[in-house]
Each structure stands twice: as C-alpha cells, then as structure tokens.
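Colleague: Please take a close look at one part of this model. Then place that part in the chain around it.

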Amino acid sequence: MRITDIQRCEVRPGRLVEWTLSPATVATATGLPEDTRPPAYIQESHIRTARSVREDGLFVPTWLGTAFDIPGRADLDALQEALRGWTLRHETLRSGFRWCGESGDEMRRFTLDADAVSLRRTDVGDFTDPAELVGYLQDRFDATADALRWPNLIYAAVLRDDSTSVYMAFDHSNVDGHSIHRIPGEIHELYAARVAGRAMDLGPVSSYVDFCEIERTDADRIDDSHDIVARWREFVGRCDGRLPNFPVDLGLDPEAGLPTQKLLREELADRDTAAAFEAYCRPYGGGAVGILAATALIVHEIGGEPVYRTVVPFHTRVKSRWSDSVGWYVGGAPVEIPMAEARDLPSALRTVRAALHANRHMARMPLARVLRLLGDDFRPTSPDLYSIVSYVDARGVPGSGRWAEQKAYGLIRVSYGDQVCAWITRLHEGLWFASRHPDTDVAGKNMRLYMERLRDVVASTVLPPPPAS
C-alpha cells in the first residue's frame, strides 16, 4: 500500500461512524493489577519521548494507520464484529501502561482479558465536504491515538451506497509498518465471513506483549562492556555525540524550536522499471541494498560528506511465530559508507552489502537499551531519535494484489520534527516514495532533489547488471 497522510488518501464524503473501546472496557482496565511483562525498550522510549516533548510545551501526534475500502454500504454489525475479532487477536491492543512509583516515573503494564473487551459504536453523522471530513478525522485520531493516553486506538467507517471506507489509527507503540500492511486483508476476510454467516478463524497469532518480555530480558543481560555497545559508542562519537540526521542541508534554525514538517510522496518507478532495478541489485542483496547505495551516492553529491552515516531500520521478527503479530518489531543498525569506496553504483552496492552484512545483527539489540548503557544524556527533544531511509518489499503481504482496487493506504501523521524519515515501498505496481521532512525552503528543495535523483538512479538500471564480484 502507498504511504501517505490523511489529506491524500482519497477521502470521500459519506456517513461517518466510529468505534472506540467501550466505557465498560476502560473502567475494567482502571482496576486491573499489574501485568509483570515489561514494555519493550522501543515502546518505553517512544512514550517517554512523547512525554518529554509534551513537557516542553508541544503536542506532536505520531500515530500510524490505514485506510481501505470495502464494497457497498457496509453491514455495520458485521463490520463491528470483524473489527472486534481482529482487535482481540492481537494482545498488545488491549494492553497499556501506567506511570507508577514514588516519583511517578516507572512504567507498569496492564492487560485486559479478551472477554473484557467491547467496542462502542458512535454514529457521528453525514459529511458532504471532503475537507471537513479530513479535518474531523485528523483531529479525532490526534486526540485518541495518543501515546500518553489509553486506549490509544480508534476505528472509523465512511458509508456510501457504492463503497465504505474504513480508517484505523493507532499510537505507534502498538504497530509498525508490517502490522499496518496486513490489516486490510485480515479485515476483509473477517468481514466477508461475518456477512456470509460463517465462522472465520485466522488461526492463532503470537503476542507482541510476550515478545516484549523476551526481548527485554535478553537486552538486560548485556552491560556497557558488550561489543555492540562499544560499536555504537564509536559510531555516536563519529557523529559528534548524536545520532545522525539526513546529511543534507535542511535549513534548520537551532534557536527556532521544533519545526513543522511536510510530506513528499510520488511514484518513484513503474512496474517495469522497478523490476529492472530489482534485477540489477539482486546480485548484491536486492532492493534494500540498492536504495541505500543510491542514497549514499546522492547525499554525497548534494551534501558533500565524505562518509554517509545512517541508522538502518530492520524488522526484529526473526522467528516465524511473530510474522503475523501486530506490534512494533523494529530495530536499528549503525551503518557507515566511506564514499571513497563508493564511487559509482556498482562499488556503492558492494560497499553497502558488506556494511549491512557486518552490522545487521546489531539491530536485534534495542537502541534505547544501548543508549542507556552509553551513559550519555539522550533526553530527546524530537519525536524521532534519528533519520531513516526504509525500504520494504510489500508484495508478499496477503491481499497486496488488491490494494489498488481497495484504495488501500498506509497513513502517517505529518506534524513536527527536525529529522527526515523516508519510506520506499515495492508494490506490484512499482516503487512508491514517501517522506516527511522539516518544512523549510532548503529542506524542500534538497528532499525533492534527492527524490528526483533517486528516480534517475533507479531508471538507469534498465541496462544489464555488472558482475557482482
């Protein structure tokens, strides 16, 4: 699915209905005992960062979501049962955190039993103006899918005679891109089964809450003498004591506070060009290597840095039991590309392949744990710890072949931030580019230049690939 924001996902007028966890469910949650399974380090870092930024006087929405259509005017009872069934399937969606301890600074988990979860449906009313509907949805998602409240999810449907658009938004602490990609197919299956009056069992799915406990237990076994910590310490030192931003001029004013952001999203390559790029990069490890190699070349051309330093996101679903699970299964690995060794695309591909091979395993150690062990003051002042360039091949996701006809989108909230986050998605239709960046004239110019040069590099690979040796 294409990544975009709520303003650009084909919102059309209709009758709006929304679902939140019911007051009875929320009341039950307030009296629950502690669930001893801890937050994942990435969850804790995200929530603490949100609180830190909020204490500095800025509300920065960071929710993720999805939008997709189902045919005709939806059967609301069937859709509600599909939404509830899907929610119960993923334990993290009925689990939250409280601030505890004498200082009020300790995060403690609580988790509802599945039978205690119900949805409340609200008929909001008719909208005839798409812009008004977009504004309403964004405001509701901002207020509800918020890191510092619970519950922090909301579902909505816009009903019309010919189709119904479904919108689902979540605080980032419970979902990642892979989770979002799987939602349209699963909701379609569950809804179709409810309409037909047949049982629909998607099969058991492992719990992200269990994963959090396992990952944190493993992470807590290391200390500051561990090799991974030492390598991060060296990397951060070479980044002047910070985690890296996108290495081009973004026109930032350090005295002006956190800037607003802007979305840039376009098709990067059509089906045939994307296939040629993939074939060219395959001997070196595939599209992810290719995008990172192209990025290294382009940012060196724009910014002139002799070494491209970045944190590369990798999923942490290292065992198949987590593949269908909703959660935030993402880690980061530090990567350095000396541009003296990456003079053109083939040499850049070789250099990137070697760097990823050497460092990928480091993504399994939560960065928040590493930063804690470094002992430096990493109190975040931005919702993004670092800039990313992410590549995902989504063609293997169940139902992805129908995303175009279903008008399926992955939704990101573009609000405030001084970092660059770019996502390149391989779809059946080609390559799709989306990024959010500081809304300055300089950043806008350089990010457009980056995207256009990336398009050029991808298009250049229609020629036969060179030998990989």
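Modeller: Trp-432 is found in strand β15, residues 430-438. Strands are DSSP runs of E with at least two residues, and helices are runs of H or I with at least four, both numbered from the N terminus. This is a predicted model, in which local features need pLDDT of at least 70, side-chain atom pairs count only at pLDDT 80 or more, and totals for chains, interfaces and linings use all residues. Residues are numbered from 1 along each chain as its sequence is written, and side-chain values use heavy atoms, with hydrogens and water left out.

Trp-432 has a relative accessible area of 4%, so it counts as buried. Buried means under 20% relative accessible area, exposed means over 50%, and partly exposed lies in between, with a 1.4 Å probe and protein chains only.

Now its contacts. Leaving aside residues up to four places away in sequence, Trp-432 touches Arg-2 and Ile-3. It also touches Arg-265, Glu-266, Glu-267 and Leu-268. Trp-423, Ile-424, Thr-425 and Leu-427 complete the list. Contact here means heavy atoms within 4.5 Å. Tyr-391 is 41 residues from Trp-432 along the chain, and their C-alpha atoms are separated by 9.9 Å.

Next, the whole chain. It holds twelve helices and 15 strands. Of its 469 residues, 56% count as buried. Among contacts between residues at least 6 apart in sequence, 82% join residues at least 24 apart. The radius of gyration is 22 Å, which agrees with the value near 23 Å for a compact globule of 469 residues. That radius is taken over C-alpha atoms, and the globule rule is 2.2 Å times the number of residues to the power 0.38. The C-alpha trace spans about 60 × 55 × 45 Å along its principal axes.

Helix α4 gives another buried set. It covers residues 130-144, 15 in number, and reaches 21 Å from first C-alpha to last, close to the 21 Å expected at 1.5 Å a residue. The expected span is 1.5 Å times one less than the number of residues. Its buried residues are Leu-133, Val-134, Leu-137, Gln-138, Phe-141, Asp-142 and Thr-144. Their cover includes β2 (14-21), β6 (119-127), β7 (153-159) and β8 (163-170).

The loop between α4 and β7 holds Pro-151. The peptide bond from Trp-150 to Pro-151 is cis, with omega near 0 degrees. Most peptide bonds are trans, and most residues other than glycine have a negative phi.

Two residues have a positive phi without being glycine. Asp-240 has phi near 60 degrees and is found in the loop between α7 and β9. Its relative accessibility is 60%, so Asp-240 counts as exposed. Lys-407 has a phi of about 50 degrees. Its place is the loop between β12 (388-393) and β13 (409-412). Lys-407 is partly exposed, with a relative accessible area of 27%.

Asp-249 lies in the loop between α7 (227-238) and β9 (261-270). Not counting residues up to four places away in sequence, Asp-249 touches Val-442, Ala-443 and Asn-446. Asp-249 and His-181 are 68 residues apart in sequence and 32 Å apart in space, C-alpha to C-alpha.
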